[in-house]
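Me: I've just opened this one and I don't know my way around it yet. Could you take a close look at one spot for me, and then show me how the rest fits around that spot?

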Amino acid sequence: MAGTAVDTMPTMPPSALTDPPNGVEATDVLWDETVAGGGYTQLAVATGTRLRLVDVAGDSCAGLLVHRFGRTAERLNVADTVKVQWQAYPGTGSLLLSDMGRVIASVRSAPTGCIDAFCGTSNLRGNEARYGDGAADGPSPNGRDLFAVALGKRGMGRRDVAPNVNLFKQVRVAPDGALELTHRGVPGAEALLVAEMDIIVTIVNVPHPLDERTDYSVTPLRVTAWTGTPTPADDPIRTATPEAERAFLNTAAELAMNELLGGTR
Amino acid sequence: MTTVDRELGTQAMTGTIVRDDIIRARAPWSAVVAAGEVLRLIDLGGNQAIDCLLYSADDPVERYSAPDTFVAQGNVYLTAGTVLRTTEGRPLMTILDSTCARHDTLGGACSKESNTLRYGHHTYDQHACVENFVQEHLRHDLGKRDITSNINWFMNVPVEQDGTLGIVDGISAPGLWVDVRAELDTLVIISNCPQINNPCNGFDPTPVRAVVRRPS
């Protein structure tokens, strides 16, 4: 079996990937994986690490949770993310905020309008109703149980499965509050994130919970990470708004204290 | 004992009053509302946001989920008829009726930390909802990891066409109320919001009233 290649698997060693992102040396690549529809992956990455997600065939849906590495009670807070930035539709230039008033990751580029901060992920009950099965070990796994398994392997549990964001699906809110899934994705669409703290990124690739198709339609997702430097003080993303400026000030103060503690490890 | 409370306006509450509490301004509160019982929250002073988290009392790992509620009803606003869902998609509580047109569950809870982002570091010492939540959670063997996207009763957070989202002037008024029926035994944890930097409390936090009744 050794040496068998399939479409959805990690590249090993990661630096062996044959098509590194533009401007990236293969030797700087920390992780490269194509995640199957119905699968998940999880990376623990240091501050400054770049994380690229690619909707390879145009129908992936990347549910994303972010926890602080080593101090996992601090995590992505979707409500604070949209409230503090006065914007329910995050996109290029948006910050992902933790529940401690810090920037946990930044969105350097994303397909326009394709980050959903409303709908979370699927659950067992919903998948049973739509697909006839929703078990994590079945043909149409639900996102919540995949998140729980991934976090469980890090010593966390179901309490740590907070509301997530979804990449590569567009959700819009009508004036009366009605939600609509309005976009089906573009093959090759990319999103680029930067870790602004040492973080654990957990990604499930499952159909969007508002996706009414009954055939569990979801295509592979490519996840590539490479080394990078922490965001410098004069980076435009830090100075774009007063809220961003203060969030990065909080982050910098915490990282400085953390360094004296010997890192989050 | 069947009670009709005349102070509560035209929509009298019938049935047995299980508890009737005034939650003072800025304070936390919690109670288990048994399946079938109805919790009425009354905005006594008007424009007072009540931040609220809900847990299955039997298994608090299963808890209120704003996303699962959105998906099930296909809408982001909480109104009469909204079924508040758990993380597993099960009905936890149902909004039976409300004299306030709608309620929010997008805006989250204020915290000392997020206040520094929204208003500046001079607000760091001010009291905030997450302080109340942690205090109340610890009484129930829960903690910060259990704080998730909450409900904001009587708060108005419209989503504009371009995604602009802000906490705007309240749509509530003195004496408005919401009735919520427990479908499962539900641990209700409340922070009577102490925020003074935006209009959610009319810049003046006030007491609210929480009444639990068992319908006859």
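Where in chain B is Phe203(B) found?

Reply: Before anything else, keep in mind that this is a predicted model. Phe203(B) is found in a loop of chain B, the one between strand E9 (186-192) and strand E10 (208-214). Its backbone is worth a look: phi is near 60 degrees, a positive value in a residue other than glycine. Most residues other than glycine have a negative phi. Is Phe203(B) buried or exposed? Phe203(B) counts as exposed because just 11 other C-beta atoms lie within 10 Å, and the cut-off for exposed is 12 or fewer.

Chain B has another phenylalanine to set beside it. Phe154(B) is not a glycine either, and its phi is positive too, at about 70 degrees. You'll find Phe154(B) in the loop between strand E7 (151-153) and strand E8 (176-182) of chain B. What about its surroundings? Phe154(B) has 28 C-beta neighbours inside 10 Å, so it counts as buried. So there are two loop phenylalanines with positive phi, Phe203(B) exposed and Phe154(B) buried.

Now zoom out to the chain that holds them both. Chain B contains three helices and ten strands, and along the sequence they come in the pattern β-β-β-β-α-β-β-α-α-β-β-β-β. Its radius of gyration is 16 Å, close to the 17 Å that the globule rule gives for 216 residues, so chain B is as compact as a globular protein of that length. Along the principal axes, its C-alpha trace spans about 50 × 40 × 35 Å. Buried residues account for 52% of the 216 residues. If you look at contacts in chain B with a separation of 6 or more, 73% of them join residues 24 or more positions apart.

One helix of chain B leads us over to chain A. Helix H1 (residues 66-73) of chain B is mostly covered, with six of its eight residues buried. Those buried residues run from Ala66(B) and Pro67(B) through Asp68(B), Thr69(B) and Phe70(B) to Val71(B). What covers them? The cover includes strand E10 (179-181) of chain A as well as strand E5 (83-85) of chain B. Just past the end of H1(B), Gly74(B) has a positive phi of about 65 degrees.

As for the contact between the chains, 35 residues of chain B and 38 residues of chain A take part. On the side of chain B that touches chain A, H1 and helix H2 (112-118) of chain B each supply at least two residues. Sorted by class, that side of chain B has eleven nonpolar, 16 polar and eight charged residues.

And the partner? Chain A has five helices and 13 strands. Its radius of gyration is 18 Å, close to the 18 Å the globule rule gives for 265 residues, so chain A is as compact as a globular protein of that length. Its C-alpha atoms fill a box of roughly 55 × 50 × 35 Å along the principal axes, and 52% of the 265 residues count as buried.

To find your way through chain A, try its open sheet of six strands, which go in the order E1-E13-E3-E11-E6-E5 with antiparallel pairing. E1 and strand E5 (95-97) of chain A stand at the edges with a single partner strand each, so one side of each has no neighbour in the sheet. From one strand to the next, the twist averages 20 degrees. Inside that sheet, strand E6 (residues 103-109) and strand E11 (residues 189-195) of chain A pair in the antiparallel sense over four bridges, and Ser106(A) stands opposite Val194(A) in E11(A).

One more backbone detail in chain A, since you started with one in chain B. Pro13(A), in the segment before strand E1 (29-35) of chain A, follows a cis peptide bond: the one from Met12(A) to Pro13(A) has omega near -5 degrees. Most peptide bonds are trans.

Note on methods:
Residues numbered from 1 in each chain as written. Chains lettered and ligands numbered in written order. Predicted model: local features only at pLDDT ≥ 70, side-chain atom pairs only at ≥ 80, totals over all residues. Buried ≥ 20, exposed ≤ 12 C-beta atoms within 10 Å, placed from the backbone. Contact = placed C-beta atoms within 7 Å. Nonpolar A, V, L, I, M, F, W, Y, C, P; charged D, E, K, R; others polar. Rg over C-alpha atoms; globule rule 2.2 N^0.38 Å. Pairing = 2+ DSSP bridges. Axes fitted to C-alpha atoms, helices over the stretch in contact; angles between N-to-C directions.
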